[in-house]
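Open the model in your viewer and keep the selection panel at hand. The tour moves from one selection to the next.

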Amino acid sequence: MNIRTIDWKNNSVRIIDQTKLPQKLVYIDIGRLEALCRAIKILQVRGAPALGAAAALGVYLGVRDYPGSDWTGFHSKLKEAAKYVASSRPTARNLFWGIERVCDVALKNNRHPVSRIKRIILSEGKKIMQEDISSCRKIGFYGSKLLKHNSNVLTICNAGILATIDYGTALGVIYSACAEGKKIKVFSCETRPLMQGSRLSSWELYKQGVDVTMIADNTAAALMAEGKVDLVIAGADRIASNGDSANKIGTFNLAILCKYHKIPFYIAAPKSTFDFRIKSGKDIKIEMRGEKEVARILLKKDIAPPGTRVLNPAFDVTDHHLISAIITDKGIIRPPYVKNIGRAFRENKCV
Ligand code: MRU
């Protein structure tokens, strides 16, 4: 399947509108910062690495029409655009990392004319997309070693092609193992409330020819008890220095189930998802989303009496003690995480 989640086309950010899947594969071109931030908020574009690229390109959209040629005025506009993009979603580290990348490159080049700085920002956004493609391939390469021929893998949400530029993190590991000729069976948790597992993961796995079975979220324990799951792999939105990992709500449940059933639980994520400034998951801001996402099936049909109080945290944090290893673009990081995360990214050494 030849699809690309985000691209730069026709002087616009071209994204797949993920709210339309699996019924329709629709691309939309976005040329305004406000429209891009709305697309992020309503999950037309989503998934941590994809958000990193979208955020970087969003900052470019916010500054490209700046009419002046003075650095000071341009810099204020840049900060304003960065702040606006940063307010779109709080949890994925990649989103902030993407903003910081383009702002840093602009600052480093502030001696150049504004027109040139704008081009530099755009090319940094394109570079982020290219780097993400190669990061995902590396994650796939390292992670596939953890999968045996005939492995049964369970995953949650969508950490695949649609959550990155191409290939995916958790699903990239599966694609890589399949490409090596291993027979892999995947269980895709539907992922209430917005069904990224059924709508997106099942869709792309099926299109890629992977043997995928969709399950309701509450089926995972029973499957594990029957010995039908060999390992769980999930993506991450933000990973703290001690390995605590935020991912789609329900990921923590799976990690606890894995511990009980003595099944390995893996997180797959690129370096851009790590937040080295925070010590633990307690410092991760969890996005709270609207009540209607839970109270209505896909925002359409009520499944609760009007006025029912609803709680809708979009993510949870899995304690690092429950994570068997973190599969990264630098290699596989195993506990103790505080020491080994530092080593992997400072010294390029993984165990
Ligand atoms: O709310 P979403 O759909 O953006 O949540 C996405 C996830 O939780 C993914 O698992 C995570 O971003 C990793 S994507 C490689």
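**Stop 1: the interface between the domains**

Start with the area buried between domain 1 and domain 2, about 2700 Å² in this predicted model. Carbon and sulfur atoms give 55% of that area. Interface size is often expressed in this way, as accessible area lost when the parts come together.

Now select R46, T91 and R93 in domain 1. These residues lose the most area to domain 2. Together they account for 24% of what the domain 1 side buries.

To colour the two parts, use the domain assignment: 6-137 for domain 1 and 146-347 for domain 2. Their C-alpha centres are 25 Å apart. In terms of contacts, 31 residues of domain 1 meet 33 residues of domain 2.

**Stop 2: polar links across the interface**

How many salt bridges does the rule find across the interface of domain 1 and domain 2? There are 2. Residue pairs in polar contact across the interface of domain 1 and domain 2 number 16, with both partners at pLDDT 80 or more.

Which helices of domain 1 should you show here? Helix 2 (48-63), helix 4 (93-108) and helix 5 (114-143) each bring at least two residues to the side that touches domain 2. Helix 5 gives the most to that side, with 6 residues. By class, the residues on the domain 1 side that touches domain 2 split into 18 nonpolar, 6 polar and 7 charged.

Next, select R137 and D166. Their side chains form a salt bridge, with N to O at 4.0 Å.

**Stop 3: Q196**

Go to helix 7, residues 196-207, and pick Q196. Is Q196 buried or exposed? Q196 counts as buried because its relative accessibility is 3%, below the 20% cut-off. Show what surrounds it. Beyond its neighbours within four places in sequence, Q196 is in contact with L43, R46, C157, N158, E190, T191, S201 and K248. R46 is a residue you have met already: it is among those of domain 1 that lose the most area to domain 2.

**Stop 4: two cis peptide bonds**

Most peptide bonds are trans. Look at two exceptions.

Stay in this region and select R192 and P193. A cis peptide bond joins them, with omega at about 5°. P193 sits in the loop between strand 5 (184-189) and helix 7.

Then jump to L21 and P22. They too are joined by a cis peptide bond, here with omega at about 10°. The loop holding P22 runs between strand 2 (12-16) and strand 3 (27-30).

**Stop 5: N247**

Select strand 9, residues 245-248, and find N247 in it. N247 is buried because its relative accessible area is 5%, under the 20% limit. Display its contacts. Leaving out neighbours within four places in sequence, N247 touches I156, A234, G235, A236, D237, A314, F315 and D316.

**Stop 6: positive phi**

Most residues other than glycine have a negative phi. Three selections go the other way.

Begin with N11, in the loop between strand 1 (6-9) and strand 2. N11 is not a glycine, yet its phi is positive, about 55°. N11 counts as exposed because its relative accessible area is 54%, over the 50% cut-off.

Move on to K262, in the loop between helix 9 (251-261) and strand 10 (265-268). Its phi is also positive, about 55°, and K262 is not a glycine. With 75% relative accessibility, K262 is exposed.

Finish with N348, which follows helix 11. Its phi is positive, near 60°.

**Stop 7: helix 11**

Step back into helix 11, residues 337-346. Which of its residues are buried? Select Y337, N340, I341, G342, A344 and F345. An α-helix has 3.6 residues a turn, so residues three or four places apart point the same way. To see what covers the buried residues of helix 11, show among others strand 8 (238-240), strand 11 (274-275), strand 15 (325-328) and strand 16 (331-333).

**Stop 8: G307**

For the last selection, take G307, in the loop between strand 13 (301-302) and strand 14 (315-318). G307 is exposed, with a relative accessible area of 79%. Add Y27 and draw the distance. The two C-alpha atoms are 36 Å apart, and 280 residues separate G307 and Y27 along the chain.

Note on methods. Residues are numbered from 1 along each chain as its sequence is written. This is a predicted model: local features need pLDDT of at least 70, side-chain atom pairs count only at pLDDT 80 or more; totals for chains, interfaces and linings use all residues. Side-chain values use heavy atoms; hydrogens and water are left out. Helices (H or I, at least four residues) and strands (E, at least two) are DSSP runs, numbered from the N terminus. Buried means under 20% relative accessible area, exposed over 50%, partly exposed in between (1.4 Å probe, protein chains only). Contact means heavy atoms within 4.5 Å. Domain bounds come from an automatic or database domain assignment. Buried area is the accessible area (1.4 Å probe) that two parts lose on being put together, summed over both. A polar contact is a pair of N or O atoms within 3.5 Å; within protein, one must be able to donate a hydrogen and the other to accept it, and residues adjacent in sequence count only if both atoms are side-chain atoms. Ala, Val, Leu, Ile, Met, Phe, Trp, Tyr, Cys and Pro count as nonpolar, Asp, Glu, Lys and Arg as charged, and the others, Gly among them, as polar.
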